[in-house]
Amino acid sequence: MEPETGDFINIGLDQDNYNAVGLNEADGFAYGIGSRNTEFEGYLLRIGGDGHVEALVGDLPTVAAGTFGGDGRLFIKTGSKQLTAIDVETLETEKISFAGSKPGAVHDLVYIDDEEGGAFFGLSKYGQLVKYDLGSQEVSAVTVQGLDEI
């Protein structure tokens, strides 16, 4: 986006081949997971500022939600009560399961750091604010009035 005008500027080729994208502030690259039925399906992708896409490692699930956590790893939502952390340097993965009730489908995540280990938040299509707490390894959801109308 052009900050002065608010206009969006296309960079690189038009891509609809990936999802669950987060920006790694440490190296300036965006990382995401290749979408279903594309040449990049199930691959961890590194996306440059010019739009260039590089496939790093395959055999990952195709997912919709992902972002970077406070420890510099890409976290993707691989189940209603599971996140998978990917170290984008070593390409090692770790599955993290959460206790608690099953929340509605979450299609985007944001990370917020705190003293207890941080948490990921997302919105479900049912108007719930969903929290994946890394400190307690619990998932919880609260209904937010009017959120399902957005």
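**Charges, fold and cores of an all-strand chain**

The mean positions of the 9 positive and 26 negative charges of the protein chain lie 13 Å apart. The model behind this value is predicted. The accessible surface of the chain comes to about 9,000 Å². Carbon and sulfur atoms hold 46% of that surface.

Now the fold. The protein chain has twelve strands and zero helices. Read along the sequence, the pattern is β-β-β-β-β-β-β-β-β-β-β-β. The radius of gyration of the chain is 16 Å, close to the 15 Å that the globule rule gives for 150 residues, so the chain is as compact as a globular protein of that length. Along its principal axes, the C-alpha trace spans about 40 × 40 × 35 Å.

Next, the packing. Of the 150 residues, 37% count as buried. Take the contacts in the chain with a separation of 6 or more: residues 24 or more positions apart account for 32% of them.

Which residues touch the most other members of the largest nonpolar core? They are F75, L83, F98, L109, F120 and Y132, in a core of 13 residues. Two elements, β7 (82-86) and β11 (128-133), give two or more residues to this core.

L109 shows the contacts of one such residue. Leaving aside residues up to four places away in sequence, L109 touches A65, G66, T67, F75, K77, L83, F120, F121, G122 and Y132. Among these partners, F75, L83, F120 and Y132 also belong to the largest nonpolar core.

Another core lies apart from that one. This other core has eleven residues, including Y31, L44, L60 and L74.

Notes. Residues are numbered from 1 along each chain as its sequence is written. This is a predicted model: local features need pLDDT of at least 70, side-chain atom pairs count only at pLDDT 80 or more; totals for chains, interfaces and linings use all residues. Side-chain values use heavy atoms; hydrogens and water are left out. Helices (H or I, at least four residues) and strands (E, at least two) are DSSP runs, numbered from the N terminus. The radius of gyration is taken over C-alpha atoms; the globule rule is 2.2 Å times the number of residues to the power 0.38. Buried means under 20% relative accessible area, exposed over 50%, partly exposed in between (1.4 Å probe, protein chains only). Contact means heavy atoms within 4.5 Å. Accessible areas come from the Shrake-Rupley method with a 1.4 Å probe; for residues, only the protein chains shown count as cover. Lys and Arg count as positive and Asp and Glu as negative; His and the chain ends are not counted. The place of a charge is taken as NZ of Lys, CZ of Arg, CG of Asp or CD of Glu. A nonpolar core is a set of buried Ala, Val, Leu, Ile, Met, Phe, Trp, Tyr and Cys residues joined through side-chain atoms within 4.5 Å.
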